[in-house]
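Student: Could you walk me through some side-chain contacts in this model? Charged pairs to begin with, then rings.
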Amino acid sequence: MTFLTLPPRRCANPGTERQSLGLGLAVAASLFLLAGCASSNLDNRSQDTQAAPETSAPAPGDGKDIADWDERFSQFDNRVVRGEATDPDDGSVKVAMLLPLSGQHEQVGQALLNASQVALFDLAGENFKLVVQDTAGTPEGAAAAAQTAIAQGADLIIGPLFSTSVEAVKPVAQAADVKVLAFSSNREVGGDGVYVMGLAPHLQVERIIAYASAQGLRQFGILAPETPYGQAVAQAMRDAVERNEGFLTRVIFYNPTAPDLSPEVRSLANYEGRQAALNARKQALEAAGDAASRRALARLRNIETTGSLEYDAILLAGTAQQALSLAPLLAYYDVDPNIVRFLGTSLWDGAELGAEPSLQGSWFAAPAPDYWQDFKTRYTETYGTAPPRVASLAYDATALAAVVAAQAENAGVDPVFDDVTFTQASGFAGIDGIFRFYANGESDRGLAVLAVERDAPKVIDPAPASFENLIN
């Protein structure tokens, strides 16, 4: 595997050298490995089919003082242009960043911008400009932001955040032949020059079901919120179980805003049926009246149900907070987590689940944590608060653009952000591990499987290091 490695670049602090981790694009394997400068040199997935990640204000200072923001990042030599006119013919490589920097989701938008700036600081050349436009979190705002960015000479668009905004941006970008790396996880919005960066639900479900099946689990249930995300996960579950020659025996949806989910959990647990079976068994033993029956009856004294369940594992398809509510409720209704494996998605990633005994030993699919932990530390030291998990998408998208631009600069040619660049079969590698794009705009990712433990999740099946040994 031959790598085209970028030369070391200076950090903002004079005399501080880049700590290279092997940055570059591979000719044969097309992976870029992300590096960084010490965070001291700088002063969770919106995945729109699921809840927007929560974050405390992540901006430098209070995140709203633009003058303060400009002062703190003056070392970028005007390589970040925020909402102002820029000469489309100044010869720089311009990558537009469309984010909700006002409105309901401005904190998430600012966190994504922060992460993008870290990537810019790590990787971008002197000729690389990040042109930041506010979408206000609306489709109309996203379309207007895209039009402005293109008028300013954008060579590539990164963002926007939600699928409705991506749909609004798509015709604008397509008319200008500008590609889009969107943060949405909705694969339906991909295609026509739009590539979906978000971690789509079906990839997570396929990974965890394939692993569970390899461990001998054959029958599955799912408890999912009655939302577009829950419906997408349920359909992915049906497909993944069938692909692995298993059986999806129970599918239960719940209202995520309901104050009490006991009816849905009781139904999934077949609590009434199993309780009735136990009562019938007790009555039969009482009627028999012999010594063996009395001993058997004594053994049933503290048991609430009897009979086997219809599944070996249950996928809890909601958020980590929903899992923290549902898992103990399942255990209460006699679904023993020591017998039935609880499964989750990347929505569990970053949550503190190990304190809940009924979730210990559960499995979930998510990006490998190694690079994320390093990035999280650097981000936190830089901005004074931890990043939402979705921030890695902004870093990886900006890093990919910066590496492509730097390659072209080193070769003395203009960068090409086209379908050939983005659909290299061997893909790329970033904070979230390996990923690649298909011609239809969908993405593929190499995910790890983690087990919930008391202190922190543990990787029990590593993410693949390349796509070479995977079935395309």
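Tutor: Sure, rule up front: a salt bridge here is a side-chain nitrogen of Lys or Arg within 4 Å of a carboxyl oxygen of Asp or Glu. Keep in mind that this is a predicted model, where local features need pLDDT of at least 70, side-chain atom pairs count only at pLDDT 80 or more, and totals for chains, interfaces and linings use all residues. Residues are numbered from 1 along each chain as its sequence is written, and side-chain values use heavy atoms, with hydrogens and water left out.

Student: OK, how many salt bridges does that rule give?
Tutor: The count comes to ten salt bridges.

Student: What does Arg207 pair with?
Tutor: With Asp461; their side chains meet in a salt bridge at 2.9 Å, N to O. Arg207 is in helix α5 and Asp461 in strand β18 (residues 458–461), so this pair links distant parts of the chain, 254 residues apart. Helices (H or I, at least four residues) and strands (E, at least two) are DSSP runs, numbered from the N terminus.

Student: Is Arg207 buried or exposed?
Tutor: Buried, with a relative accessible area of 18%. Asp461 is partly exposed, at 24%. The cut-offs: buried means under 20% relative accessible area, exposed over 50%, and partly exposed in between (1.4 Å probe, protein chains only).

Student: And which side chain does Glu206 meet in a salt bridge?
Tutor: Arg243, at 3.7 Å from N to O. Glu206 sits in helix α5 (residues 201–214) and Arg243 in helix α6 (residues 228–243), so the pair ties together parts that are 37 residues apart in sequence. Arg243 counts as exposed at 53% relative accessibility, while Glu206 is partly exposed at 26%.

Student: What about Asp349, who's its partner in a salt bridge?
Tutor: Arg389, with the closest N and O atoms 2.8 Å apart. Asp349 is in the loop between β12 and β13 and Arg389 in the loop between α11 and α12, which puts these distant parts of the chain 40 residues apart. Asp349 counts as buried at 17% relative accessibility, and Arg389 counts as buried at 6%.

Student: Which residues do shared partners join into one network?
Tutor: Asp177, Lys179 and Asp419, through their salt bridges.

Student: Switching to rings. Which ring does the charged end of Arg389 sit over?
Tutor: The ring of Trp372, 4.1 Å from its centre. Sitting over a ring means that NZ of Lys or CZ of Arg is within 6 Å of the ring centre and within 35 degrees of the ring normal. The charged end of Arg436 sits over the ring of Phe467, also 4.1 Å from the centre.

Student: Now ring on ring. How many aromatic pairs are there?
Tutor: The count is 13 aromatic pairs. Rings of Phe, Tyr and Trp (its six-membered ring) pair if their centres lie within 6.5 Å; planes under 30 degrees apart count as stacked, over 60 as edge-to-face and the rest as tilted.

Student: Give me a tilted one?
Tutor: Trp348 and Phe364, 5.9 Å centre to centre with 50 degrees between the planes. Trp348 lies in the loop between β12 (341–344) and β13 (363–366) and Phe364 in strand β13, so the pair ties together parts 16 residues apart in sequence. Both Trp348 and Phe364 are buried.

Student: And an edge-to-face one?
Tutor: Phe375 and Tyr395: the ring centres are 5.4 Å apart and the planes at 70 degrees, so the pair is edge-to-face. Phe375 is in helix α11 (residues 369–383) and Tyr395 in helix α12 (residues 391–411), 20 residues apart.
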